[in-house]
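Colleague: Before I accept any labels, I would like the definitions set beside the values.
Modeller: Fine. The structure comes up here.

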Amino acid sequence: MSKHTHSKKERNNQDEEKKQPTKIDLESEKQPKDDTATEETQPTENVMDQAEANADEAVPEKEEGAVSDQPVVAQQDFDDLQDKHLRLTAEFDNFRKRSRKEQEASYQRAKVDLVKDFLPLLDALDRAQASYEKLECENSESLIEGMALLGKQAEDCLHRIGVEEIEALGQNFDPVYHEAVQHIEDANMGTNEVAQVLLKGYQAGDTVIRHSLVIVAN
């Protein structure tokens with residue numbers, strides 16, 4: 001009985017050993033699964049790495065392009081603004097010079113017109129002084145001195161505004177400043193020399209307000 005039972009247990013143990021997988025069999029069964037998992041994971045990781053590499057390459061190119069274009073655009077804007085500034089400065093400078101010339105010309109015209117209206121009064125003073133010099137009376141000297149003083153004050157007033165008497169007596173005749181109304185022959189005088197001034201002439205700078213009326217010798 002015991003032998004039979006023992007032999008039966010041994011057979012059962014052998015059957016269980018046959019059914020139970022060994023450690024080597026388990027490792028062999030796991031190995032293909034790991035290879036399959038590795039093969040399935042490897043393409044995914046490669047795709048992700050490639051995508052990240054492409055993204056890393058694309059971003060720097062975009063940033064480099066943006067950084068390189070920005071200074072060029074800024075320099076162009078600066079050059080345009082500088083060119084506009086220079087043009088405006090030149091235009092304003094020309095406008096200022098033109099305005100100054102127009103103001104000076106307007107002032108000169110107004111001065112000439114004013115002096116022209118004032119000259120007949122000076123002519124009247126000169127004629128009165130010449131008349132008093134011919135008189136022979138007690139008060140003739142004081143009258144002559146008074147008229148001369150008035151004439152001197154009038155000439156000083158003209159001098160302050162830039163008006164001067166044109167020099168004529170004893171000068172060579174110059175048609176720019178002199179107007180000849182008579183010619184005489186005088187051996188004591190030079191050719192085309194102004195022998196007598198009939199009416200004083202005046203000028204303001206290079207502008208002749210009135211020509212001197214003169215008698216020219218020879």
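Modeller: Strands β2, β6 and β3 form an open sheet in the order β2-β6-β3, with mixed pairing. The edge strands are β2 (178–184) and β3 (193–199). This is a predicted model, in which local features need pLDDT of at least 70, side-chain atom pairs count only at pLDDT 80 or more, and totals for chains, interfaces and linings use all residues. Residues are numbered from 1 along each chain as its sequence is written, and side-chain values use heavy atoms, leaving out hydrogens and water.

Colleague: What makes β2 and β3 edge strands?
Modeller: Each of them pairs on one side only. Strands are DSSP runs of E with at least two residues, numbered from the N terminus, and two strands pair if DSSP finds at least two bridges between them.

Colleague: How do you know that β2 and β6 pair?
Modeller: β2 and β6 (residues 212–217) share 6 bridges, in the parallel sense; the definition asks for at least two, so they count as a pair. Glu-179 stands opposite Leu-213 in β6.

Colleague: Why is Asn-192 called partly exposed?
Modeller: Its relative accessibility is 39%. Buried means under 20% relative accessible area and exposed over 50%, with partly exposed in between (1.4 Å probe, protein chains only), so Asn-192 is partly exposed. Asn-192 lies in the loop between β2 and β3, and its phi is near 55°, a positive value in a residue other than glycine.

Colleague: Why is Asn-218 called partly exposed?
Modeller: Because its relative accessibility is 28%, Asn-218 falls in that middle class. Asn-218 is in the segment after β6, with phi near 55°.

Note on methods:
Helices (H or I, at least four residues) and strands (E, at least two) are DSSP runs, numbered from the N terminus.
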